[in-house]
Structures are given as structure tokens and as C-alpha cells.
Amino acid sequence: MTFNYEHVLQAYDRINKHLKKTPLEESFYLGDLNRRYFFKLESFQRAKSFKIRGALNKIMTLSEEEKKRGVAAISSGNHGSAVSYAASILGIHPVKVFVPETTAQSKIDKMNYFGAEVMKLGKDFDEAHTLGMKYIHEHHLTYIDPYYDDPEIYGGQGTIGIEILEQNQDIDTIVVPVGGGGLITGIAVAAKSIKPSIRIVGVQTEACPAMIKSYEDHTLYEQYPSEESLCDALLGGVGKLSYEMAKDYVDDFIAVSEHSIGQALSFLAKEEKYIIEAGSATVVAAIMEQRERIDGRNVALVLSGGNIDGDVLLNILSKY
């Protein structure tokens, strides 16, 4: 598979009429005389996640025969909601989503709301993926890939990079959460095509630094064991296309502690007044831990999603 800026431009034209441009809002508290920080609020999407971009773009490129078979996704929550929402926009059914047994009920409820049939399979994402793919092949469903190697998914996610630089041409650094890698690769390809000097920084949780370890060990970790983490959306392995491309477009990868992620999430809710999920809080945790390493004078922080379980949120707010 190949992926380039043309995929992003085509995705931008394709999905623009269905999705609103999410705000790029300056932080009230993080900046100082030398630096300004701006939140790219993908948590404001209707499905509360950036993943609607890639899912909608992909489904809009399917053949009529692929649409008629129905679509399926394997997800810890956000991708499943995005596929369900995209299918509802386009009038496609059935929609089946396979999730790990540990998936928060609030995320399952949202997928059901958009019309998906949700099936719990496996103790974690990697096991759910193995079992879900078996079911999809056996029932001839059209699989919508969350991050592995589909350029249409990456193209959709990359439209965030176009929007950020349309909203503020002075942005010189973009900080992005990293799970499977589709988001950061899409953004990096788009942003560096528009502004080659821009700096792209990826952030992972120390509980599952799959991309960082893949590059350190020169091995694509399609599955990766994780410790207990607040960041369910960032757990699991790395996408093949991202592994092949991100090293040429991303300037730095940083791992942050679970403690800092909890602090960052609490800070965003209590001070900035944004409710986001823990995976999104990694970018603010990175500013708290390694501001100088990230650098930049006008820094965009991608808050990738807001699908946090209410009980989890209350627990974090009580601790930090």
C-alpha cells in the first residue's frame, strides 16, 4: 500500500460536506510569553472522536457490492462508533462491531445508538481482532480497517492536519496521541506537505509504547503487550503502513507516565473545561513532562476523542 498527500486532499473534498470543522482553541493556562498552545478539539465531533474522518472517507469509497454486504469493525470503542455513525449517515446496514470484553458500556451504548450490533469477543484488543476477523471472513462482511494499512483511513485522519493549518498558519508544532499510528501518520503527511518546516511529535503511554519499541527494535509489533492503563484507545499494536512511513515524517516520539496522564485529564476538565478521554490527555501530559523537548512557539495539541466512561472520569477527578 502507498499513501500520500493526494489521499488526504481527496478525503478532504469527499467528507467535508458531512462533517463540521472542529475548533482550534487556545489554552487558557498552558502558555507563557514564549509559547502558545492550541487544542484541536476532535472531541467535538458528533461521534466524539477523530475516527469518523477515516471511517466516513473509507465507506464513501466502497463499491455498491461492498456496501450491500454490510460493514464491520473491530474496536476498543472509538472506531466502532465512527463506523456506526458513518454507516448511518450513508444509509448502510448491517453494521457489526467487535469489541474486547473490557470495553466501557458507555462506548457500546454509543455504537448501539448509531445502529450497530456490538459483539464482545476476547479479553483485549488483539484477541478481539483475531476472533473478529475470523467472523468477518466467515460472514463475508466488508471490513473497515482502523489503522493497519488502508490509505483511505489515513487520508481521512490526515484532514486534521489541513484544518489546523487553515485555522492558524503560525502553528509550527503538532503533538498527536499515538496508538496504531494512523492518526499521526495522516496528520504528518498532510502538515509537512503544506508546511515542510512543521514539527510533528507523537505521544504514547509508557504502559504500551508499541510504536517507540517498534522503531527501537527495528520490528513491526502488530501486537504488543500492555500494562494496565487509563488509555484503552491507545493499547495494542502498530499499523504496517504507519510503521513504514511515520519514521520519515514524525520528528519525535515521547512516552508519558500514567500518573501524568491522570493529572492532564483532570487539568483539562477542571481548568480548561474539556471532557476528553485519557488517550487524548497524553499530549497535555507530554507538555507537563517534557515541554522543552517538544519545543515550538505555536503548538497544536490534538485532543483526539471525548468518549470517556463516566465512572472512570469521576475516579480520575477524585485522585488528581
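I began with helix H6, residues 125–138 (helices, H or I with at least four residues, and strands, E with at least two, are DSSP runs numbered from the N terminus), and found that its 14 residues reach 20 Å from the first C-alpha to the last, close to the 20 Å expected at 1.5 Å a residue. That expected span is 1.5 Å times one less than the number of residues. I note here that this is a predicted model, in which local features need pLDDT of at least 70 and side-chain atom pairs count only at pLDDT 80 or more, while totals for chains, interfaces and linings use all residues. Residues are numbered from 1 along each chain as its sequence is written, and side-chain values use heavy atoms, with hydrogens and water left out.

I then looked up both ends of H6. At its start, a side-chain oxygen of Asp 124 comes to within 2.9 Å of the backbone nitrogen of Glu 127, and after the helix comes His 140, with a positive phi near 55°. The buried residues of H6 (buried is under 20% relative accessible area, exposed over 50%, partly exposed in between, with a 1.4 Å probe and protein chains only) are Phe 125, Asp 126, Ala 128, Gly 132, Met 133, Tyr 135 and Ile 136. I listed what covers them, and the cover includes strands S3 (71–74), S4 (95–99), S5 (117–120) and S6 (142–143).

I followed those strands next, and they form an open sheet of 4 strands in the order S5-S4-S3-S6, with parallel pairing. S5 and S6 are the edge strands, each pairing on one side only; two strands pair if DSSP finds at least two bridges between them. Between S4 and S5, which run parallel, I found 4 bridges, and Val 97 stands opposite Val 118 in S5.

I turned to helix H4, residues 78–90, whose end C-alpha atoms are 18 Å apart, in agreement with the 18 Å that its 13 residues should span at 1.5 Å a residue. I noted that 10 of these 13 residues are buried, so H4 is largely enclosed by the rest of the structure. The cover over its buried residues includes H2, S3, S4 and helix H5 (105–113), and the helix is followed by Gly 91, whose phi is positive, near 70°.

I checked Lys 51, which is placed in helix H2, residues 51–60. Lys 51 is buried yet has no salt bridge, and the nearest side chain of opposite charge, Glu 277, is 7.7 Å away. Here a salt bridge is a side-chain nitrogen of Lys or Arg within 4 Å of a carboxyl oxygen of Asp or Glu, and Lys and Arg count as positive, Asp and Glu as negative, with His and the chain ends not counted. Leaving out residues up to four places away in sequence, Lys 51 touches Asn 78, His 79, Ala 82 and Gln 157, where contact means heavy atoms within 4.5 Å; Asn 78, His 79 and Ala 82 are among the buried residues of H4.

I closed with strand S7, residues 173–177, where 5 of the 5 residues are buried, so the strand is largely enclosed by the rest of the structure. Thr 173, Val 175 and Pro 177 point one way from S7, and Ile 174 and Val 176 the other way. I found 5 bridges joining S7 to strand S8, residues 199–205, with the two running parallel, and Ile 174 stands opposite Ile 200 in S8.

Technical notes. A polar contact is a pair of N or O atoms within 3.5 Å; within protein, one must be able to donate a hydrogen and the other to accept it, and residues adjacent in sequence count only if both atoms are side-chain atoms.
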